[in-house]
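Colleague: I have a model open and would like to go through its strands, core and pockets. Can you take my questions as they come?

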Amino acid sequence: MKHLHTKKLFLLVSFFATLFAFSQEEITTKYTSSNKGKFYISWGGNREAYSRSDINFKGENYNFTINNASAVDKPKGWHIDYINPSRITIPQTNFKLGYFINDHYSVALGIDHMKYVLNVDDFKSISGTVNLPEQEPGSMFNGNYDGSDYFMSRYFLQFEHTNGLNYAYLEFARHDDISSFIHLPNTDKFQINITEGLGAGALYPKTNTTLLLKERYDEFHLSGYGIHFNAGLNFTFFKHFFIQGDLRAGYINMPDIRTTSNTNESASQHFWFLERVISFGTIFRV
């Protein structure tokens with residue numbers, strides 16, 4: 001009988017010891033040690049650079065190309081408009097919502113609100129023809145353009161994707177914690193990650209166009225597609241908050257850009273872009 005009581009006591013002690021060990025393991029497991037099942041959301045701003053491109057404009061009584069056209073972005077700088085709901089589309093912004101399918105890989109939906117402004121009031125190589133009816137004000141630009149440099153004023157053409165060059169995409173990304181390489185003792189307080197991703201999506205610009213003195217057109221339109229590669233450095237603080245810097249390089253092809261209220265008139269272009277992004281976000285489990 002005494003032997004039986006001793007055996008029961010031993011089993012009871014073993015049970016509680018095991019339970020305590022598991023509970024201690026659970027307590028000491030860092031929140032940042034596993035990503036599977038977490039969501040993340042971020043908001044930030046960007047600057048862009050664009051390659052030169054040939055932009056073709058075609059419509060009733062004209063078909064011409066601006067050869068080797070250059071463009072710039074339209075930065076707002078550090079400004080309250082980035083978080084002002086009534087003016088949030090004025091600066092160049094970035095939004096991303098992602099989900100970790102395992103510890104290292106995530107899928108995300110992103111929207112990059114970029115801006116593209118064609119450089120005008122300068123000499124440009126123009127090829128093609130303009131043959132508008134004489135009663136139209138833009139007929140002053142009638143002629144055959146042979147590819148030589150002509151002074152292209154904003155009255156001839158003003159062309160901007162400023163509200164904006166909207167790139168909505170899906171991205172598949174890898175995340176790696178590199179904290180151990182610089183001997184960070186507690187990643188729940190501060191963690192460093194590197195990310196690499198591939199994405200593709202659609203371009204839905206709101207293009208501000210004034211073409212050959214026609215009435216300005218400025219409406220959203222599904223115009224084409226884009227693909228990109230992304231590399232980033234992520235700094236996570238206190239488990240749930242992060243700052244991330246990204247370098248995003250990609251290709252945009254827009255074969256159907258609306259330029260006037262006439263649906264038979266359009267523009268087309270394709271170019272490369274380089275985007276620098278700084279974003280602030282949070283990471284959490286539901």
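Modeller: Yes. This is a predicted model. To begin with a strand pair, β9 and β11 run antiparallel to each other, with five bridges between them.

Colleague: Which residue in β11 is the bridge partner of His 161?

Modeller: Thr 207 is the partner of His 161.

Colleague: What else pairs with β11, and over how many bridges?

Modeller: Strand β12, residues 217–220, pairs with β11 in the antiparallel sense, over four bridges. As an example, Thr 209 has Tyr 217 in β12 as its bridge partner.

Colleague: How many residues sit between the strands in the hairpin of β11 and β12?

Modeller: Five residues sit between them, and in this hairpin Leu 212 takes a positive phi near 55°.

Colleague: Is β11 mostly covered or mostly open?

Modeller: Mostly covered. The strand spans residues 206–211, and six of its six residues are buried.

Colleague: Which residues point which way from β11?

Modeller: One way, you have Lys 206, Asn 208 and Thr 210; the other way, Thr 207, Thr 209 and Leu 211. Residues on both sides of β11 are buried.

Colleague: Changing topic. Which residues touch the most other members in the largest nonpolar core?

Modeller: Phe 57, Phe 64 and Phe 156, out of 33 residues in that core. The strands that each supply at least two of its residues include β2 (53–59), β3 (62–69) and β7 (122–130). β9 gives the most to this core, with five residues.

Colleague: What does Phe 156 touch, leaving out residues up to four places away in sequence?

Modeller: Its contacts are Phe 64, Ile 66, Ile 126, Phe 141, Tyr 145, Thr 210, Leu 211 and Leu 212. Of these, Thr 210 and Leu 211 also came up as buried residues of β11, and Leu 212 as the residue with positive phi in the hairpin.

Modeller: Apart from the largest core lies another, of five residues, among them Phe 100, Ala 108, Phe 242 and Ile 283.

Colleague: Now pockets. What volume does the second largest pocket have?

Modeller: About 160 Å³. It is lined by 11 residues, and the closest to its centre are Thr 89, Thr 93, Ile 111, His 113 and Asn 166.

Colleague: Which elements give two or more residues to that lining?

Modeller: β5 (93–100), β6 (105–118) and β9 (157–177). β5 gives the most, with three residues.

Colleague: How many of the lining residues are nonpolar, polar and charged?

Modeller: Five are nonpolar and six are polar, with no charged residues in the lining of this pocket.

Terms used:
Residues numbered from 1 in each chain as written. Predicted model: local features only at pLDDT ≥ 70, side-chain atom pairs only at ≥ 80, totals over all residues. Heavy atoms only, no water. 1 Å grid on protein atoms, 1.4 Å probe; cavity = no way out; pocket = protein on both sides within 12 Å on 5 of 7 lines; lining within 4 Å. Points joined across faces, edges and corners; volume = space filled by probe spheres on them. Nonpolar A, V, L, I, M, F, W, Y, C, P; charged D, E, K, R; others polar. Buried < 20%, exposed > 50% of the residue type's maximum accessible area, 1.4 Å probe, protein only. Pairing = 2+ DSSP bridges. Core = buried A, V, L, I, M, F, W, Y, C linked by side-chain atoms within 4.5 Å. Contact = heavy atoms within 4.5 Å.
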